[in-house]
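Please look over the sequence and the structure shown here before reading on. The paragraphs after them are meant to be read alongside both.

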Amino acid sequence: MQPIQPETYGAPRTAPVPAQRSAAPAEGFAVVDVETTGLGRSDRVISAGVYQLDQDGEVTDHWYTLVNPERDPGPVWIHGLTAELLSGAPTFPEIADEFAARLENRVLVAHNALFDWNMISREFSRAGLRAPVEQRLCTMVLSRDLRLPLPNGKLASLAAHFGVQQRQAHNALDDARVLAEAFRPSLRLARLAGLPLPLQTCVAVTDLGEDEPAAPGRGNWTGSQYRQAKKRPPCPYPNPGRWEDGKPLVQGMRVAFTGDTATDREVLEDRAVEAGLHIATSVSRLTSLLVTNEPTSWSGKARKARDVGTPVVTEDAFLQLLREVAPHPGA
């Protein structure tokens, strides 16, 4: 299960440039889908499907497993996996080695890939391991970059565009199969157009959210999104402008975040608010600073920051800057 935000895509490209091979690791791709007990940090993986593809997107192998989360399975009405069915399944530490072997030296491909990576990375962290994934590719981003005429960002819409039949939605193996079949022509279109693949660097997630309160009998399922947006009071300070390298942050500066962070995003935002900063949900010429561990990423915020010249720092640098935030000159 994955939180999907509706998105409108433009028309397809009409004049592709000559074919060009996009970069890919020697082992190719691992198309992944996981079903989970919910969408929060403390939720658990209950099934995983992986289709291994070579560099040209051809299927070489596939694998599927149920996973015993050792807790309530969450929204059974969505994924169909009951507590009774999962009780005899292996736990994640018991399948971690096999799962890792399916991912190693490959680009992880998923629909809304940040969600799948976060869930997988946390499971490996709980087992005292690190998922052997260095890069991921989100097919929602690739579809947007290809300007596929899709009505929204749902996997069903991508499948329908390429004539791929869904047999069992929210089944990890079938969703991975559908995505693998849709990714192959997407990969070919990208290479034909000379379009670089929107690869993102994967940062291991260490915040497991084990202190999150779980809703009785349903985990942390929100029903619509990975984490409900936290309502914050307005920043009491006016925006003093952009941050300048070598100078401190100033209260009232507008700070945006994008991509993976080792520290949970909500924790980073809380610390920024406590320091008197404003959390920006988008990037514009008024944004003081963008925090990201991959400035050259394909996220919309990173692209906009490059377009308008917004300063960019890494998570570690931002945490250092938070130690000494200057008071607003009008305070």
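What follows is a walk through a sheet, a helix beside it, the nonpolar cores and a few single residues.

This is a predicted model, in which local features need pLDDT of at least 70 and side-chain atom pairs count only at pLDDT 80 or more, while totals for chains, interfaces and linings use all residues. Residues are numbered from 1 along each chain as its sequence is written, and side-chain values use heavy atoms, with hydrogens and water left out. Helices (H or I, at least four residues) and strands (E, at least two) are DSSP runs, numbered from the N terminus.

A good place to begin is the open sheet, in which four strands lie in the order 8-7-9-10 with parallel pairing; two strands count as paired if DSSP finds at least two bridges between them. Strand 8 (278–279) and strand 10 (312–313) are the edge strands, each of them pairing on one side only. Strand 7 (residues 254–257) is joined to strand 8 by two bridges, and there Val255 has Ile279 as its bridge partner. Strand 7 also pairs with strand 9 in the parallel sense, over three bridges, and Phe257 stands opposite Val291 of strand 9. Strand 9 (residues 289–291) is in turn joined to strand 10 by two bridges, where the partner of Val291 is Val313. Strand 7, helix 8 (residues 265–274) and strand 8 together make a right-handed β-α-β unit, right-handed meaning that, with the strands pointing away from the viewer, the path from the first strand over the helix to the second runs clockwise.

Helix 10 (residues 315–322) can be read together with this sheet. Its residues Glu315, Phe318, Leu319, Leu321 and Leu322 are buried, a word that means under 20% relative accessible area, with exposed over 50% and partly exposed in between (1.4 Å probe, protein chains only). These residues are on the same side of helix 10 because they cover an arc of only 160 degrees around the axis, the arc being that of the directions from the helix axis to the C-beta atoms. Strand 7, helix 8, strand 9 and strand 10 are among the elements that cover them.

Elsewhere, the largest nonpolar core has 29 residues, of which Val32, Phe99, Leu103, Ile120 and Phe124 touch the most other members; such a core is a set of buried Ala, Val, Leu, Ile, Met, Phe, Trp, Tyr and Cys residues joined through side-chain atoms within 4.5 Å. The elements that give two or more residues to this core are strand 1 (29–36), strand 2 (45–53), helix 3 (92–103), strand 4 (107–110) and helix 4 (113–126). Leaving aside neighbours within four places in sequence, Phe99 is in contact (heavy atoms within 4.5 Å) with Val32, Ala48, Val50, Trp63, Phe92, Ile120 and Phe124. A second, separate core of 27 residues includes Leu53, Leu142, Leu150 and Leu197.

Leu150 lies in the loop between helix 5 (139–145) and helix 6 (155–161), and it counts as buried because its relative accessible area is 5%. Leu150 is eleven residues from His161 in sequence, and 7.3 Å from His161 in space, C-alpha to C-alpha.

Two further loop residues stand out by their backbone angles. Most residues other than glycine have a negative phi. Asn112, in the loop between strand 4 and helix 4, has a positive phi near 70 degrees, and this residue is buried at 17% relative accessible area. His170, in the loop between helix 6 and helix 7 (172–192), likewise has a positive phi, of about 70 degrees, but is partly exposed at 34%.
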